[in-house]
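Hi,

Here is the structure I promised to pass on. Have a look at it first, then read my notes below.

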Amino acid sequence: MTGADSADNSGTGREEKNRMQEKENTEVIRRNYDEAPEREWERTNQTIEFLITARMLEQTIRSGEKILDIGGGPGQYSLWLAGKGCQVTLFDLSSGNIGYAQRKAEERGLPLKTICGNAMDKGLYPEEKFDHVLVMGPMYHVFQEEDRRKVIENALSVLKPGGKIYVAFINLLAGALYYLDEGPEGLAEEMKLGNEYGECLLENRSWKGAAFTDARFDALPEICYFMDSFGLRQVTMFGQEGFLASNLTKIEALEEPHRSLWIDFAARTCERPEYLAMSSHIMYVGEQKNSAGIMGAAGVDGAAAGRASPSVRLLTICFRAGS
């Protein structure tokens, strides 16, 4: 993790610089995935993150439903869902990822539609509506607030009334959890870089910069406020590695039944609000309002939430999954 700064971009003089930076970031990210789509495939190939996420998706997605997988990389989740009888369209920035997914789909005899391009480009989105939209990668790599909003708004524009959106974020603590897993000495080296990651940890504010590629690590309160701003009913939030992120290497190396036992406990507790920060990736699941613009019965009244104090409102938004 190098050459980073805080996700706080206040100041009008930085707008043009931010535009140029975002364009450069996009090319860095595209090249990263174009060069080695198999690396991203293996990163989630029956790993803890994939198994817990798949288990959660199975609770709401049914065979025959239409899925748009935005930023789905080389198609790990797309192909899994296609194998379950869903009608899947994979949308990714990287032509390398798209080509890899198409080859995998052909090998498995699975139907898969694909779109290659930037999720911020509204003109690339199909005219059809989807039962579910996965936004699995863009929030990792899109830095600017305006651009992040554009991605979510584009995704919601093709979601059916009552449909669900699934948005994945890299947790701010992911860097620290990585070093706890791979080598605790790494944190000292990180601090020598002067990239503000340590300051962001201490202040619980989002960080952005060069990690595995250009990436953004989001503070949990900022995730909650960002997603709440779209007027969705929050279905749940969960940690995609559960409470296992600081010990992934050890757990992945366990023999059965020990590996499955740990993963089962992590999956069964992954929605507990007090455990969210123990996961490197956090997924928000929200439901689109129906055609009448009415929230589901379990939704929080937006006006009431807006009148509440910031601390009460944050607890309402972030912790409602555990109520």
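Let me start with a question: is E196 buried, exposed or partly exposed? Its relative accessible area is 31%, and because buried means under 20% and exposed means over 50%, E196 counts as partly exposed. You'll find E196 in the loop between helix 9 and helix 10. The backbone is worth a look there too: E196 has a positive phi of about 75 degrees, although it is not a glycine.

Before you go further, please keep in mind that this is a predicted model. The average pLDDT of the chain is 86, and 82% of the residues score at least 70. Residues 294-315 are another matter, since pLDDT stays under 50 there. Even so, the model gives that stretch 23 contacts beyond four places in sequence. Where pLDDT is low, the predicted coordinates should not be read in detail.

Now the overall picture. The chain has 15 helices and 10 strands. Of its 323 residues, 51% are buried. If you take the contacts between residues at least 6 apart in sequence, 75% of them join residues at least 24 apart.

Some covered pieces

Helix 3 (residues 48-57) is largely enclosed by the rest of the structure, because eight of its 10 residues are buried. Those buried residues are I48, E49, F50, I52, T53, A54, M56 and L57.

Strand 2 (residues 66-70) is mostly covered as well, with four of its five residues buried. Strand 2 pairs with strand 3 (residues 87-92) in the parallel sense, over five bridges. To find the pairing on your screen, look for K66, which stands opposite Q87 in strand 3.

Then there is helix 8 (residues 174-182), where A174, G175, A176, L177, Y179 and D181 are buried. What covers them? The cover includes strand 6 (159-170), helix 9 (186-192), helix 10 (197-203), strand 8 (214-217) and helix 12 (248-253).

Helix 9 to helix 11

Helix 9 holds E190, and this residue is a bit of a puzzle. E190 is buried yet has no salt bridge, and the nearest side chain of opposite charge, K192, is 12 Å away. So which partner does the side chain of E190 have in a polar contact? That would be the side chain of N195, at 2.6 Å.

Further along, N204 sits in the loop between helix 10 and strand 7 (207-210). N204 has a phi near 55 degrees, a positive value in a residue other than glycine. With a relative accessible area of 39%, N204 is partly exposed.

L220 lies in helix 11 (residues 220-228). Why does L220 count as buried? Because its relative accessible area is 18%, and the cut-off for buried is under 20%. L220 and S206 are 14 residues apart in sequence, while their C-alpha atoms are 8.5 Å apart in space.

One last backbone detail

Which way round is the peptide bond from E256 to P257, cis or trans? It is cis, with omega near 10 degrees. P257 is in the loop between helix 12 and helix 13 (258-268).

That's it from me. Happy browsing!

Notes:
Residues numbered from 1 in each chain as written. Predicted model: local features only at pLDDT ≥ 70, side-chain atom pairs only at ≥ 80, totals over all residues. Heavy atoms only, no water. Helix = DSSP H or I, 4+ residues; strand = E, 2+ residues; numbered from the N terminus. Buried < 20%, exposed > 50% of the residue type's maximum accessible area, 1.4 Å probe, protein only. Contact = heavy atoms within 4.5 Å. Lys, Arg positive; Asp, Glu negative; His and termini not counted. Salt bridge = Lys/Arg side-chain N within 4 Å of Asp/Glu carboxyl O. Polar contact = N/O pair within 3.5 Å; in protein donor to acceptor, adjacent residues only side chain to side chain. pLDDT = per-residue confidence, 0-100. Pairing = 2+ DSSP bridges.
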